[in-house]
Amino acid sequence: MRVKLIPTVTLLFLCLALPAAASDIEYGFRGIAWGTPLTAIKHLHFRKSLNSKTHTYIATNDNFRLGSIPLKRILYHFSQNDTLNGVDLIFSSADSDIVYSQIQALLGNPNTSQTRTAIWNSPKLKTVLTSSVTRTVLSIHSKKVDNGVQNNNSLF
């Protein structure tokens with residue numbers, strides 16, 4: 001009886017937790033809401049400017065895991081008006097299949113899928129998973145902030 005109960009409880013937890021996690025990510029990442037001003041985030045340090053519209057930062061005290069999957073790096077992207085509009089999560093290329101399955105469990109099947117790229121579009125987010133020989137990158141970008149509208153809802 002006890003053996004059958006553990007898988008049932010685990011399955012129930014996943015069924016309840018995954019939709020909540022998927023909806024929470026639409027509002028921010030790791031306690032930082034999309035649209036949060038750079039000045040309100042103290043643990044980030046400038047890394048580079050990709051162009052005049054996007055600036056990239058890294059955190060000094062990040063947890064380099066997404067669930068059980070180890071991360072190589074997390075890049076935080078800020079719009080021209082210095083508000084958080086996206087993140088890039090960089091994984092080992094060996095983890096591409098498990099990252100894909102985790103994101104598919106959260107967001108469903110991708111809207112577009114090619115050999116090394118999958119794209120999920122929602123009204124609030126554009127999520128892109130790309131893999132190469134050396135790394136896998138999960139890019140999550142807020143459409144609301146990209147369009148100049150700040151989003152101050154609950155946090156991921």
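Throughout these views, buried means under 20% relative accessible area, exposed means over 50%, and partly exposed lies in between. The model shown here is a predicted one.

**View 1. A positive patch on the surface brings together arginines and lysines.** Welcome to the outside of the model. Five residues are worth picking out here: Arg47, Lys48, Lys72, Arg73 and Arg135 form a positive surface patch. Two of its members can be followed back to their strands: Arg73 lies in β7, while Arg135 sits in β12. Arg135 has a relative accessibility of 40%, which falls between the 20% and 50% limits, so this residue counts as partly exposed. Arg73, at 36%, is partly exposed by the same reasoning.

**View 2. Arg73 of strand β7 and Ile90 approach each other in space.** This close-up stays with Arg73, one of the residues of the positive patch. Along the chain, 17 residues separate Arg73 from Ile90, yet their C-alpha atoms are 5.2 Å apart. Arg73 itself is partly exposed, with 36% relative accessibility.

**View 3. The largest nonpolar core holds 27 residues.** Now for the inside. Which members touch the most others? They are Trp34, Leu44, Tyr76, Phe78, Leu89 and Ile140. Seven names are useful when tracing where the core comes from: strands β4 (55–59), β7 (73–78), β8 (84–92), β10 (117–121), β11 (125–131) and β12 (135–142), together with helix α2 (96–107), each give two or more residues. Strand β8 gives the most, with four residues. As a general background, nonpolar side chains in soluble globular proteins tend to be buried together.

**View 4. Trp120 is a buried residue of strand β10.** Is Trp120 buried or exposed? Its relative accessible area is 4%, which is under the 20% limit, so Trp120 is buried. The strand to look for is β10. Also worth finding in this view is Ile140, whose C-alpha atom is separated from that of Trp120 by 9.5 Å, with the two positions 20 residues apart along the chain. Ile140 belongs to the group of core members that touch the most others.

**View 5. One salt bridge, between Arg30 and Asp62, turns up in the whole structure.** The closest N and O atoms of the pair are 3.8 Å apart. Which parts of the chain does the pair link? Arg30 is in the loop between β1 (28–29) and β2 (32–33), and Asp62 is in the loop between β4 and β5 (65–66), so that distant parts of the chain, 32 residues apart, are joined by this contact. The two partners also differ in cover: Arg30 is partly exposed, with a relative accessible area of 27%, whereas Asp62 counts as buried at 15%.

**View 6. Arg30 and Asp82 both have a positive phi.** Backbone enthusiasts may enjoy this one. Most residues other than glycine have a negative phi. Arg30, in the loop between β1 and β2, has a phi near 50°. Asp82, in the loop between β7 and β8, has a phi near 60°. Arg30 is partly exposed at 27%, and Asp82 is partly exposed at 31%.

**View 7. His55 is a buried residue of strand β4.** The relative accessibility of His55 is 19%, and because the limit for buried is under 20%, His55 counts as buried. Asn81 is the second residue to find here: His55 and Asn81 are 26 residues apart in sequence, and 9.9 Å apart in space from C-alpha to C-alpha.

**View 8. Gln114 is an exposed residue in the loop between β9 (112–113) and β10.** With a relative accessible area of 56%, Gln114 passes the limit of over 50%, so it is exposed. The C-alpha atom of Gln114 is separated by 9.5 Å from that of Thr130, a residue 16 positions away along the chain.

Definitions and conventions: Residues are numbered from 1 along each chain as its sequence is written. This is a predicted model: local features need pLDDT of at least 70, side-chain atom pairs count only at pLDDT 80 or more; totals for chains, interfaces and linings use all residues. Side-chain values use heavy atoms; hydrogens and water are left out. A nonpolar core is a set of buried Ala, Val, Leu, Ile, Met, Phe, Trp, Tyr and Cys residues joined through side-chain atoms within 4.5 Å. Buried means under 20% relative accessible area, exposed over 50%, partly exposed in between (1.4 Å probe, protein chains only). Patches are made of residues with over 30% relative accessible area and no salt bridge: like charges are joined within 9 Å, nonpolar side chains (Val, Leu, Ile, Met, Phe, Trp, Tyr) within 5 Å. Accessible areas come from the Shrake-Rupley method with a 1.4 Å probe; for residues, only the protein chains shown count as cover. A salt bridge is a side-chain nitrogen of Lys or Arg within 4 Å of a carboxyl oxygen of Asp or Glu. Lys and Arg count as positive and Asp and Glu as negative; His and the chain ends are not counted. The place of a charge is taken as NZ of Lys, CZ of Arg, CG of Asp or CD of Glu.
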